[in-house]
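Good morning, and thank you for making time for this presentation. I should like to walk through one structure, moving from a small sheet to the chain as a whole.

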Amino acid sequence: MNIEVVHQLPSPVLAEVYLFCQNDSLADYLAQFPHADFLIQDFKADFKQTQLVYGDNSKTYLLGLGKSPKPADYIKALRSFFFNQKKKLPDAVALHVQGLTASEIEAVVNGLWLGDYDLGLYKTDKAAEPTFFERNSQLWLLVEEKDVDLTTQAAQSGVATAQTQIRVMDLMNAPSSHKYPQVLADWAVSSGKTHGYSVQVFNEKQCAEMGLHALLSVSAGSKNPPRFIVMEYKHPAASKTIGLVGKGVTFDTGGVSLKPSTNMHYMKSDMGGAAAVLGTMELVAKLQLPVNVIGVIPSTENSMDGLAIKPGDVIGSYSGKTIEVIDTDAEGRLILADGLTYAHRHFELDTIIDLATLTGSCVATLGYAAAGLFTSNDALAQSLYESGMTTGEKVWRLPIWDDYKDELKSDVADVKNYHGKPIAGAIVAAKFLEVFTNNHPAWAHLDIAGTAFADSEFGSMKSGTAYGVRLLIDWLRNQVNG
């Protein structure tokens, strides 16, 4: 499929798509179409509502956006429409986007491109008939003449974002038989070479020499060795350096503290934080944002054999602190401890943000609508909240007060990894990570357990969402512009 921004439609156009909001002018807009009386009765521009109108030699689709749509609503509506119609759309389609802002145009294009996503990564009986995206199809974005250049730039950004999101979703949706720490490392190396940022991968022996003891302890029960991935994107005009740390557990059995079998197959998604960091690093480089970004990913499986860590064990860490392991299923915070320490020890970071599918407690608190946000920095919290509301990748701030600090006390080590109580699980996990931030004044932790893997039109089971990529890109843009 080829996308072109135009101010006049070429001929012939086999289908046109119009976007409508619910407002007082809806009836006036609908009056221009055939059978207007019926349309006014039937089409209310509800969110994702689709109405097909046939002409003599063409189709016209009316797509509802609901009331006061935000960019995230454009993405969802266009993604759903193109996903559901991609087998039916003809080869020449015009999408009317006159009057939309650049951010709305970017969202529209991002959404429609995501409509091409195919969740059946390993199916052998895929349909032979190509879809609208797979054919040599043409999509025209119709705008006012004065807006052609700006719309073209926004459309290019929307496509670039969607392409990276799709790569991230493929990575998220891959099972552990096809995804292990070296796969994440290879993804990073390939992306770095393609888009121009540096990547260094430390193998198991190098991790031992460096003293990444917490990462090595979690990986001890797996036949697939860990990898420690460090990425660095530099821009000559950058005035800020941002550190991103992502949890990269490619499969989580819970270790000796074994998880229940129900839904354990979804634990292939436990590298959602790593996926967000990988996608953000790639997209920052593609968009050439004028900011320096460091990405750190400790990656491992959490499996078990005779060498696996056990509840009650005391392990070391890159920081030098000792950790009593109360629960081996609280492994994500262990590897993040090494990742956070490495990031602040080796780089001068203005801000450091970690992302992790960390706790079921956060899901119990916020459901699937928002990620948990933990930080003591009010300005950082507000900026991340605003980016979340803009992108639809919402965050909600939870307390990280020292009232919870005693939950980490251990009688035999510097700190314990779990308090063993059915309360404040996400908060105590964040307090544990805080120990390894060296009191960085601008650190934030995002618990994305409820948002990284969710239901969608792509399939009947939960799948990867690429949550965090658009959130972080918007936030990084604001840091540059601010």
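Let me begin with a single pair of residues: Val314 has Glu324 in strand 13 as its bridge partner. Strand 12 and strand 13 (residues 323–324) run antiparallel and are joined by two bridges. Strands here, like helices, are DSSP runs numbered from the N terminus, with at least two residues of type E for a strand and at least four of H or I for a helix. Two strands count as paired if DSSP finds at least two bridges between them. In general, strands of a sheet pair through backbone hydrogen bonds, either parallel or antiparallel.

Before going further, a word on provenance: this is a predicted model, in which local features need pLDDT of at least 70 and side-chain atom pairs count only at pLDDT 80 or more, while totals for chains, interfaces and linings use all residues. Residues are numbered from 1 along each chain as its sequence is written, and side-chain values use heavy atoms, with hydrogens and water left out.

The sheet that holds these strands is open, has three strands in the order 12-13-17, and shows mixed pairing. Strand 12 (314–315) and strand 17 (415–416) stand at its edges with a single partner strand each, so one side of each has no neighbour in the sheet.

I turn now to strand 4. Five of the six residues of strand 4 (residues 59–64) are buried, so the rest of the structure largely encloses this strand. Buried means under 20% relative accessible area, exposed over 50%, and partly exposed in between, with a 1.4 Å probe and protein chains only. Which strands pair with strand 4? Strand 2 (residues 15–20) does so in the parallel sense over six bridges, and strand 3 (residues 50–54) runs antiparallel to strand 4, joined by five bridges. Leu63 of strand 4 is the bridge partner of Leu19, and Thr50 also stands opposite Leu63. Strands 3 and 4 form a hairpin, with four residues between them.

Strand 15 offers another view of burial. In a regular strand the side chains alternate between the two faces of the sheet. From strand 15 (residues 371–374), Ala371 and Leu373 point one way, Gly372 and Phe374 point the other way, and all are buried. Strand 15 pairs in the parallel sense with strand 16 (residues 395–397) over three bridges, and Val395 in strand 16 is the bridge partner of Ala371.

Among the helices, I would single out helix 4 (residues 102–114), where Glu106 lies. Is Glu106 buried or exposed? Glu106 is buried, with a relative accessible area of 18%. Leaving aside neighbours within four places in sequence, Glu106 is in contact (heavy atoms within 4.5 Å) with Ala154, Ser157, Gly158, Thr161 and Arg477.

Finally, the chain as a whole. There are 14 helices and 20 strands in the chain, and buried residues make up 57% of its 482 residues. The radius of gyration, taken over C-alpha atoms, is 24 Å. This agrees with the value near 23 Å for a compact globule of 482 residues, from a rule of 2.2 Å times the number of residues to the power 0.38. The C-alpha trace spans about 80 × 50 × 40 Å along its principal axes.
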